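Biologist: I would like a close look at one part of this model. Please take the enclosed spaces inside the protein.

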Amino acid sequence: VGDPERHAQVDGVPPAKIAVVGAGIGGSATAHFLRQHFGPEVQVDVFEKGVVGGRLATVTVNHNDYESGGSIIHSLNLHMQEFVKQLGLKYRRSVAGKTAVFNGREMILEETDWYLLDLFRLWWRYGISFIRMQMWVEEIMEKFMRIYKYQAHGYAFSSVEELLDSLGGSGFINMTRRPLSDSLLELGVSQRFIDEVIAPVMRVNYGQNVSIPAFIGAVSLAGAQNNQWAVEGGNKLVCSGLLKMANANLLQAQVDTISPVQSEEAVQYQLSFTTAAGTGSELYDIVVLATPLEASVGSGVQFQGFTLPFDRVPGNYHSTVATVVHGYLNTSFFGFPDPRLFPFASVLTTETPDLFFNSVASVCPVNISAGFRRKQPQEAGIYKVFSPQPLDKSQLKTLFRSYYSVQVTEWQPYSHYGSSQGLPPVELQPNLYYLNGIEWAGSAMEMSSVAAKNIALLAYHRWNRQLDTVDQRDLMHRIKTEL
Ligand SMILES: Cc1cc2nc3c(=O)[nH]c(=O)nc-3n(C[C@H](O)[C@H](O)[C@H](O)COP(=O)(O)OP(=O)(O)OC[C@H]3O[C@@H](n4cnc5c(N)ncnc54)[C@H](O)[C@@H]3O)c2cc1C
Ligand SMILES: CC(C)=CCC/C(C)=C/CC/C(C)=C/CSC[C@H](N)C(=O)O
């Protein structure tokens, strides 16, 4: 298996070396699935310029760790579930807590201890908007779940559009283009419900407003359902676990350039990289880019010898600041002068000019010991604030009576939806794949995992020239009739 050049895409000969750039959940899952499909012989090198986990990260406050990046996982996110099972990790269910919506002056919506009372209140204020919205999200989730069947049967897609089309037809593709508010209004959801419930959910989850595309809006609403979990010890454990299970070589290095090298049989890719010890370069048969390439994110990867089939400049990533504060919440600001009477664990906000934060929530550590309970607002607790800009001293003093510590993480967490034209391609060149284009449809751990499985399958089928498992139509019917 020594000289990769001799192995470049000769029929029946597996690739010798595969590179994955990025060790977030997308890159780690790709390494895992590549190993599954290509077998034990191929060398899988994973390049990471920062920390394994990428946007899955924790901060330590008062001797405990808290998620500062991707935190919640939907109960129907089956790849994430499967990883946790295979790695022998444990689920962490979030400790129940009530939510309220604040409009800058007062709480306009308050969850109670009684589910039926909450339902009655929602009906009283918004009619059947809540039920319409829930049914819409359920229907989308049901269609989305088809991906697991298709992938289990080995089907792959050469673009995000093909993948979405196979799940929900042109309806899903249109949902990546039209605003969420338009889709909901068309469903008969009231403007008041959109302003007071949907907008706060978009603000806490994606830091954006209801003009984001309907598909990502539905993902965000799924993320607001009551069936979320996380990984005991921190979600990033999935990434390190998958790399280990895949027997991948982790190279602590920044990939600087990727250039094609044409041999007689096929194209290979030269990766030049920088490590703490200096620079290096290696030749690979297959390369997967598992980091956003948009100029504003700054992966630093340059391409030589070919031009990318999409423009890295127009689509921007959004800025969101996660501030983890150890202190006393200023419940007076929310209209509760006596903190003992403040019953909420999370406060979401409406789209209100001059409101400097999107949400504030009491958070649980990644290791919940038996008997863990949330701190009461009259006690010092750990809170996570999401805001578009870093909070200044006076803003912190507005939200907290006093505090012991403040940890700030500035993220470029998700696409700035609506700032791109179309969805970036998956295949950049033969045997050169791009994972994070899927984020323009929806950005979540499971979306990166779905894209990882798709790319591993696609790379495998392309390498072995198996065209009958790529971009096939009418898959539900095919699967039913397959033996
Ligand atoms: C604050 C926040 C909250 C979130 N909440 C949730 C949530 O609750 N639920 C959910 O499902 N999702 C959530 N997300 C989104 C989720 O975290 C991301 O969609 C997901 O983690 C993306 O994973 P990825 O591997 O595709 O990308 P990344 O995690 O960004 O990984 C890319 C990796 O590539 C590395 N890299 C970049 N350039 C190079 C280079 N040139 N050479 C080598 N390495 C390079 C980076 O250092 C990085 O580690 C949240 C994100 C943030 C930031
Ligand atoms: C991919 C599908 C079908 C569903 C995923 C649903 C999901 C888990 C969405 C996550 C939404 C998201 C990006 C939330 C970010 S903020 C989360 C939380 N409030 C926090 O405190 O970090």
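Which residues line the largest cavity?

Modeller: Keep in mind that this is a predicted model. The lining of the largest cavity starts, in sequence order, with Ser159, Val160 and Leu163. Val426, Tyr434, Leu435 and Ile438 also belong to this lining. Ala451, Asn454 and Ile455 complete the list. Two elements each give two or more residues here: α6, spanning 160-175, and α12, spanning 445-463. The top contributor is α12, with three residues. On the side of α6, Val160 and Leu163 fall within its span. On the side of α12, the residues are Ala451, Asn454 and Ile455.

Now the chemistry. Eight lining residues of the largest cavity are nonpolar and two are polar. None is charged. Ser159 and Asn454 are the polar pair. The space inside comes to about 70 Å³.

This cavity has a companion. The structure holds two cavities of 30 Å³ or more. The second largest has a volume of about 30 Å³. Its lining includes three residues with aromatic names to look for: Phe342, Phe344 and Tyr383. Leu329, Ala345, Val347, Val360, Ala361 and Ser362 line the second largest cavity too. Strands supply part of this wall: β17 (344-349) and β18 (359-362) each give at least two residues. Phe344, Ala345 and Val347 lie in β17. Val360, Ala361 and Ser362 lie in β18. The lining of the second largest cavity counts eight nonpolar residues, one polar and no charged. Ser362 is the polar one.

Terms used
Residues numbered from 1 in each chain as written. Chains lettered and ligands numbered in written order. Predicted model: local features only at pLDDT ≥ 70, side-chain atom pairs only at ≥ 80, totals over all residues. Heavy atoms only, no water. 1 Å grid on protein atoms, 1.4 Å probe; cavity = no way out; pocket = protein on both sides within 12 Å on 5 of 7 lines; lining within 4 Å. Points joined across faces, edges and corners; volume = space filled by probe spheres on them. Helix = DSSP H or I, 4+ residues; strand = E, 2+ residues; numbered from the N terminus.
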